[in-house]
Amino acid sequence: MKISWIKSQEDNKNFKFIERLGMEVIKIDSQEKIDNKIKELIEAEKNTIIITQELAGFSEDIIKKYSKNKDIKIIINKN
């Protein structure tokens, strides 16, 4: 299982624990880029992608597209 975490560059509260463990948390500078980043991660064979609820609102189409795909898991972190 390859996991990726994505949050907004301005977000200073989500995934702090993950970052402290030394795992990479991807920070995007524009919320509109979330779809491109998810596609990029899927192409890199990341099969579990966790995004903040804030970013999920900008990516409804891609989340719906992959919600029925058993090989790709997109999880929305609801803080």
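## Lysine 7 and its salt bridges

Lysine 7 is buried, at a relative accessible area of just 2% (buried means under 20% relative accessible area, exposed over 50%, and partly exposed in between, with a 1.4 Å probe and protein chains only). Keep in mind that this is a predicted model: local features need pLDDT of at least 70, side-chain atom pairs count only at pLDDT 80 or more, and totals for chains, interfaces and linings use all residues. Residues are numbered from 1 along each chain as its sequence is written, and side-chain values use heavy atoms, with hydrogens and water left out.

So what does lysine 7 pair with in a salt bridge? Its partner is glutamate 19, with the closest N and O atoms 3.2 Å apart (a salt bridge is a side-chain nitrogen of Lys or Arg within 4 Å of a carboxyl oxygen of Asp or Glu). Because lysine 7 sits in strand 1 and glutamate 19 in helix 1, the pair ties together parts that are twelve residues apart in sequence. Helices (H or I, at least four residues) and strands (E, at least two) are DSSP runs, numbered from the N terminus. Glutamate 19 is partly exposed, at 28%, and also bridges to lysine 27, where the closest N and O atoms are 3.3 Å apart. Lysine 27 is partly exposed too, with 44% relative accessibility.

The count comes to four salt bridges. One of them joins aspartate 29 to lysine 33, with N and O as close as 3.0 Å. Sharing partners, the bridges of Lys7, Glu19 and Lys27 form one network.

## Around valine 25

Valine 25 lies in strand 2 and is buried, at 10% relative accessible area. Setting aside neighbours within four places in sequence, valine 25 is in contact with Trp5, Lys7, Phe15, Ile18 and Glu19 (contact means heavy atoms within 4.5 Å). That list includes both ends of the Lys7 to Glu19 salt bridge.

In the loop between helix 1 (16-20) and strand 2 you'll find methionine 23, which is partly exposed at 39% relative accessibility.

## Helix 2 and the cores

Which residues of helix 2 (34-43) are buried? They are Ile34, Lys37, Ile38, Leu41 and Ile42. Down the helix axis they fall within an arc of 135°, so they line one face (the arc is that of the directions from the helix axis to the C-beta atoms). The face turned away from that buried side carries exposed Asn36 and Glu43. Cover for the buried residues comes from elements including strand 1 (3-8), strand 3 (48-52) and helix 4 (60-67). Just past the helix, glutamate 45 takes a positive phi of about 65°.

The largest nonpolar core has 16 residues, and Ile6, Ile34, Ile38, Ile49, Ile51 and Ile74 touch the most other members. A nonpolar core here is a set of buried Ala, Val, Leu, Ile, Met, Phe, Trp, Tyr and Cys residues joined through side-chain atoms within 4.5 Å. Strand 2, helix 2, strand 3, helix 3 and helix 4 each put in at least two residues, with helix 2 giving the largest share, four. Beyond its neighbours within four places in sequence, isoleucine 38 is in contact with Ile6, Ile49, Ser59, Ile62 and Ile74. Apart from this core lies another, of five residues, among them Trp5, Phe15, Ile18 and Val25.
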